[in-house]
Amino acid sequence: MKTFRIRGGIHPDYKKELASEQAIEALPLPERLYIPLQQHIGAMGDVVVAVGERVGKGQLLARSYGAFSAAQHAPTSGVVVEITSLPAPHPSGLPQTTVVIEPDGEEAWADLPGALADPFAAPPEAIRARVAECGIVGMGGAAFPAAVKLDLGLRYPLDTLIINGAECEPYLTCDDRIMRERADEVADGGRLMAHALGVDKVLIAIEENKPQAIERMREATASVQGRPGVAVVPVPVQYPMGSERHLVLAVTGRETPARKLTAEVGVVVNNVATARAVHQAIRHGRPLTARVVTVSGGAIRQPKNVEVPIGTRIADVVAFCGGFSSEPARLVNGGPMMGQPLPGLEVPIVKGSSGVLALTAAELHAAAPNPCIRCGNCVSICPCGLVPVEMAANIRHDKLDVAERLGVGDCMSCGSCSWVCPSHIPLVQFFNFAKGALAAEQREARKQEQIRVRAEARTARLDREAAERKAAMAARKAAAAKPNEVRA
Ligand code: SF4
Ligand code: SF4
């Protein structure tokens, strides 16, 4: 199948060989599991269990709250020993409500609804409802509630679902291993999601540096009959091919307008691990309670791909991989390009944790920044067509409004510009700072606007009440004067 060129992009040292030949291993149950109630984009769930309560594997711990939220479930059977506030796997390390479970070692499933009978004959909303019940979120890192994404077919005329198997971030190999070892589940999950979206076509896009995944997915999809149809599309190896809008461009030739959803051009994109989770939810009634994580980097003794119960402390996962072979210079949640620094080893694995990287100083290529030499490298590689050098110069001079006009809001923080900069200028850090500051400004402006509207409404109410009081007083005076008039 023909593919299309994407703009810019880079070819970093992928380092996939560290873990790509390591088959998925299941992590033994740790002594305790720490399940944060907000592992997704959106509102925190409403807790429905109490301390001391015995729970089965897959039992609901917190139901979703509001439209953009996701339910959380017990990753194993055991006892809820604490509901407390603990640091989350985010650079801020800010605490959030966490359910702590002491496993009983039995892995006894709760009373779950079971398989959805004949799902391709079921109405699409039945698939979407089950995906929501099972707490599935985008597992490529975004952690957007999957059921909300499956609703896009109600709002946009869609024709294609792309299953994202690009996995373009260096080091990460968990999606590669899932496709090689669970190809049938990925293909089935993709077709089920296509049914929920109301589209006839599923394209599984895989970077050409994963030939075994391409072969296994082709074998798994060869015998698929009827609709939705499914095909495997090898795409060029080029970071950031895994970005949704770039993958859509590479596979379909359709360009998604800036700040718009790919659904606007008829396409929805979901990750391979998400497709597998949907298969498990629909075919077995199982909520999302574990995920495959790549544990890699030069400071990890035995890089692996590990199936980890959600809520396992990163310290337990690192210990399973032999611990550190040297002191890591940086711990990263996700890939080295777009991942976030981890605040420590005590935070848990969550649904969006695709990788845990322990990088050495040599792997970070850290160097003191030098002045810009106007080489233009950052401009020619930016996959979003931005001018990083100009945006950074304006941000440095506190001209956020100019940076905004230059399109800093369209920057996807892929880090390609920083990676090619010969002067080692941390460009992406400027853009992340600017985006955060602009978002804070917009929040403040919205708050001020709400205060103004409320103040105006209050003034109008007070004026109205005063007028009403005045009118009532005048009416009373008029009524009091009438008998005198009669007497006169
Ligand atoms: S980080 Fe932003 S500005 Fe830099 S290359 Fe990526 S999209 Fe372009
Ligand atoms: S790549 Fe670095 S040195 Fe070259 S123009 Fe961009 S900011 Fe300047």
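A residue is counted as buried here if 20 or more other C-beta atoms lie within 10 Å of its own. I begin with that cut-off because strand S17, residues 355–359, meets it at five of its five positions, so the strand is largely enclosed by the rest of the structure. Please bear in mind throughout that this is a predicted model.

Let me stay with S17 for a moment. Gly355, Leu357 and Leu359 point one way from the strand, while Val356 and Ala358 point the other way, and all of them are buried. Which strands pair with S17? Strand S13, residues 290–296, pairs with S17 in the parallel sense over three bridges, and strand S15, residues 330–333, pairs with S17 in the antiparallel sense over four bridges. To place these pairings on your screens, take Val295, whose bridge partner in S17 is Val356. Likewise, Val332 has Leu357 as its bridge partner in S17.

I turn now to the chain as a whole. There are 488 residues, of which 48% count as buried. The chain has 14 helices and 17 strands, and its C-alpha atoms fill a box of roughly 110 × 65 × 50 Å along the principal axes. Of the contacts with a separation of 6 or more, 74% are between residues 24 or more positions apart.

The domain assignment gives domain 1 as 16–291, domain 2 as 292–364 and domain 3 as 369–460. Between domain 1 and domain 3, the C-alpha centres lie 31 Å apart. Six residues from domain 1 and six residues from domain 3 make up the contact between these two domains. On the domain 1 side, the touching residues are three nonpolar, two polar and one charged.

How is the nonpolar interior arranged? The largest nonpolar core has 107 residues, and Ala205, Met217 and Val317 touch the most other members. Helix H4, residues 183–197, provides the largest share of this core, with eight residues. Both domain 1 and domain 2 give residues to this core, so the core lies between them. Val317 offers a good point of entry: setting aside residues up to four places away in sequence, Val317 touches Leu27, Val293, Val295, Val306, Val308, Thr312, Ile349 and Val356. Two of these names have appeared already, since Val295 and Val356 are the bridge partners in the pairing with S17. There is also a second, separate core of 19 residues, which includes Cys382, Val389, Met391 and Phe430.

Another enclosed element is helix H3, residues 174–181. Seven of its eight residues are buried, so H3 is largely enclosed by the rest of the structure. The buried residues are Cys174, Asp175, Asp176, Arg177, Ile178, Met179 and Arg180.

Next, the two ligands. Which residues come nearest to ligand 1? Of the 15 residues around ligand 1, the nearest are Cys382, Cys411, Cys414, Ser416 and Cys417. Helix H13, 416–420, and helix H14, 427–487, are the elements that give two or more residues to this shell, and H14 has the largest share, at three residues. By class, the shell around ligand 1 has 12 nonpolar, three polar and no charged residues. Cys382 is also a member of the second core.

Ligand 2 is surrounded by 14 residues, and the closest are Cys372, Cys375, Asn377, Cys378 and Cys421. Helix H10, 377–381, and helix H11, 388–396, each supply at least two residues of that shell. Its classes are 10 nonpolar, three polar and one charged.

I close with some backbone details. Most residues other than glycine have a negative phi, and most peptide bonds are trans. Against that background, three positions deserve inspection. The peptide bond from Tyr239 to Pro240 is cis, with omega near 5 degrees, and Pro240 lies in the loop between strand S11, 229–235, and helix H6, 244–252.

The other two positions have a positive phi. Tyr171, with phi near 75 degrees, is found in the loop between strand S9, 160–165, and H3. Asp398, with phi near 65 degrees, lies in the loop between H11 and helix H12, 400–405.

Is each of these two buried or exposed? Tyr171 has 32 other C-beta atoms within 10 Å and is therefore buried. Asp398 has 10 C-beta neighbours inside 10 Å and so counts as exposed.

Terms used:
Residues are numbered from 1 along each chain as its sequence is written. Chains are lettered from A and ligands numbered from 1 in the order in which they are written. This is a predicted model: local features need pLDDT of at least 70, side-chain atom pairs count only at pLDDT 80 or more; totals for chains, interfaces and linings use all residues. A residue is near a molecule or strand if its C-beta atom, placed from the backbone, lies within 6 Å of it. Ala, Val, Leu, Ile, Met, Phe, Trp, Tyr, Cys and Pro count as nonpolar, Asp, Glu, Lys and Arg as charged, and the others, Gly among them, as polar. Domain bounds come from an automatic or database domain assignment. Two residues are in contact if their C-beta atoms, placed from the backbone, lie within 7 Å. A residue is buried if 20 or more other C-beta atoms lie within 10 Å of its own, exposed if 12 or fewer, and partly exposed in between; C-beta atoms are placed from the backbone. Two strands pair if DSSP finds at least two bridges between them. A nonpolar core is a set of buried Ala, Val, Leu, Ile, Met, Phe, Trp, Tyr and Cys residues joined through C-beta atoms within 7 Å.
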